[in-house]
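Reader: I'd like a close look at a single part of this one, the metal site. Can you walk me through what holds the ions and how the pieces fit together?

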Amino acid sequence: MEFKTVTTALERIKTSCLVIGLYQGTQTDTVFTSLDTVTGGWLSKQIKRGDITGAKGQTLYLYDPPGLKAERLLLIGCGDAAAFGERGYIEANQTAARTLSGGGAKQAVNTLPALSVGQRDADWKTTQAVLAAEYALYTFDEFKTASASPKQALKRLDLWMPEAPAATTLARAVATAHGVAFARDLANRPGNVCHPTYLAKQAKALKKRFDSIELDVLDEAAMEKLGMGAFLAVSKGSAQPGKLIVMQYRGGEKNAKPIALVGKGVTFDTGGISIKPAAQMDEMKFDMGGAASVFGTLLACAEAKLELNIVGVIAAAENMPGGRASRPGDIVKTLSGQSVEILNTDAEGRLVLCDALTYVERFEPSAVVDMATLTGACIVALGHEVSAILGNHPPLIDALKHAGQETFDRIWELPLLDEYQDQLKSNFADMANIGGRAGGTITAACFLSRFTRKYNWAHLDIAGTAWVSGDKKGATGRPVPLLVEYLTHCAADPS
Ligand code: BES
Ligand code: MN
Ligand code: ZN
């Protein structure tokens with residue numbers, strides 16, 4: 001989809017479709033009232049016929065409005081004006097895009113960005129309009145023989161608002177949307193296609209596409225040599241070899257310290273010998289959602305040419321049972337030198353991550369953020385709306401929380417207190433890889449915290465947010481929007 005921002009007077013806009021928000025009850029919005037005036041009351045007369053009340057989610061096309069150069073109007077129900085907020089704005093934009101894509105208009109002008117959304121400015125409204133439209137129009141039918149989604153007519157969506165956003169806003173929003181779509185594509189691909197070697201190939205393609213990206217892929221032999229015993233304890237059970245994928249985006253000054261993003265890239269998680277129950281196990285193809293978000297974020301940053309350095313590390317492995325798989329009770333030595341007793345092979349995410357987190361020390365990063373679909377307990381604690389954040393550096397946590405708030409890609413902090421560390425005690429090694437049922441998301445983060453003492457670190461548990469289940473099953477691309485926002489702030493203010 002192509003986007004543009006426009007500020008031309010509404011009555012002079014030539015378009016196949018003008019999209020307008022409609023509140024329930026009295027219309028307070030200036031776009032509506034001025035269009036009603038220009039059409040000589042035609043608009044309010046149409047609405048009085050009763051086919052649309054303005055309730056959330058309603059839509060209605062009206063054709064040939066008098067006094068306008070638009071062929072049709074598309075009304076979008078926005079609900080109660082007083083209750084209209086960020087969520088309402090995003091959903092209205094999604095509804096508009098979805099409705100347009102099922103219709104015949106090739107180009108449309110969306111006036112929803114002119115609605116007031118709390119104190120949000122033109123930049124926020126532009127960004128969210130782009131992300132919402134691209135989110136709603138996303139399809140994934142690579143594996144369907146007959147193209148399931150008919151070719152959509154809509155090619156261009158102009159965003160109308162009284163004053164234009166900053167010059168860089170639209171391009172950044174579009175780059176972010178591309179990053180989200182890339183992450184969704186990767187995560188939606190099944191485990192038999194999207195395995196560690198496939199992810200390494202994707203990294204090669206990214207390097208080829210952007211001069212600003214460098215790549216190093218460590219195979220199992222290289223990891224063995226380094227002493228990444230925890231990572232290998234997971235990957236060795238699979239016929240698919242594990243890979244540590246190290247991408248470096250160089251958009252900043254040569255000597256500027258990078259920010260490191262580390263992604264859990266378990267391309268399929270059966271649980272290993274501590275095998276998972278069969279129900280919904282297919283969804284464990286999404287267990288590389290953290291890795292997908294690193295890919296998506298790097299793509300967005302490279303496309304937007306952000307001026308900073310980023311290291312993206314992906315711990316890619318498949319967790320399988322079998323004759324070579326780790327057993328419960330096995331003890332391994334991590335890259336850090338600490339030993340781990342693997343009491344449950346299904347707690348594999350922390351095993352691949354701990355070695356990747358030690359590995360990134362060599363880049364002397366100013367901050368490290370890891371993303372992982374790490375614990376089912378996170379879904380019990382926080383559900384599917386917010387991701388969990390835990391870490392060792394409050395300013396970093398605050399910056400990420402702020403970025404989440406800005407992008408509606410929200411996160412919630414859980415306490416990483418010392419007391420929980422006791423749950424990881426092992427009779428046989430420096431630590432166990434599980435801490436029992438209580439506070440599962442926290443003890444998982446406690447485990448990681450033992451490998452992140454040398455830098456500022458935050459951990460995002462995205463188990464509840466990286467994908468949706470049910471009839472809309474599919475990857476969300478979260479937390480790409482949050483990460484791009486955070487990195488954009490870092491580029492503007494390197495402190
Ligand atoms: N990938 C899972 C976590 C997960 C489960 C995410 C369901 C989303 C939905 C992870 O590897 C895992 O299996 N974690 C275990 C840890 C436990 C053995 C301590 C879990 O959450 O049950
Ligand atoms: Mn697991
Ligand atoms: Zn897992």
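**The metal site, up close**

Author: Let's start with the zinc ion (ligand 3): its 6 donor atoms subtend angles of 79 to 174°, so the arrangement counts as octahedral. Keep in mind that this is a predicted model. On the protein side, the zinc ion (ligand 3) is held by Lys-264 (NZ), Asp-269 (OD), Asp-287 (OD) and Glu-348 (OE), at 2.0 to 2.4 Å. If you like to scan sequences by eye, the spacing of those donors reads K-x4-D-x17-D-x60-E along the chain.

Where do Asp-287 and Glu-348 come from? Asp-287 sits in the loop between β9 and α9, while Glu-348 sits in the loop between β12 and α10, so this pair ties together parts that are 61 residues apart in sequence. Asp-287 is buried, with a relative accessibility of 1%. Glu-348 is buried as well, also at 1% relative accessibility.

Now for the neighbour. The manganese ion (ligand 2) lies 3.2 Å from the zinc ion (ligand 3), and Asp-269 bridges the two. For the manganese ion (ligand 2), the protein donors are Asp-269 (OD), Asp-346 (O), Asp-346 (OD) and Glu-348 (OE), lying 2.0 to 2.2 Å away. Notice that Asp-346 shows up with both an O and an OD atom. Glu-348 is in this donor list, and it is also in the one for the zinc ion (ligand 3).

What about the geometry around the manganese ion (ligand 2)? There are 6 donor atoms here too, but they subtend angles of 71 to 168°, which makes the arrangement irregular. The cut-off behind that call is that six donors count as octahedral if opposite donors are over 155 degrees apart and all others between 65 and 115. Along the chain, the donors of the manganese ion (ligand 2) follow D-x76-D-x1-E. Asp-269 belongs to strand β9 (residues 259-269) and Asp-346 to the loop between β12 (339-342) and α10 (349-359), so that pair ties together parts 77 residues apart in sequence.

How covered up are those two, buried or exposed? Asp-269, the bridging residue, is buried, with a relative accessible area of 3%. Asp-346 is partly exposed, because its relative accessible area is 22%.

So the picture to take to the bench is a pair of ions 3.2 Å apart with Asp-269 coordinating both, an octahedral arrangement around the zinc ion (ligand 3) and an irregular one around the manganese ion (ligand 2).

Definitions and conventions: Residues numbered from 1 in each chain as written. Chains lettered and ligands numbered in written order. Predicted model: local features only at pLDDT ≥ 70, side-chain atom pairs only at ≥ 80, totals over all residues. Heavy atoms only, no water. Donors = N, O, S within 2.8 Å, 3.2 Å for Na, K, Ca; no water. Tetrahedral: all angles 85-135°; square planar, octahedral: opposite > 155°, others 65-115°. Helix = DSSP H or I, 4+ residues; strand = E, 2+ residues; numbered from the N terminus. Buried < 20%, exposed > 50% of the residue type's maximum accessible area, 1.4 Å probe, protein only.
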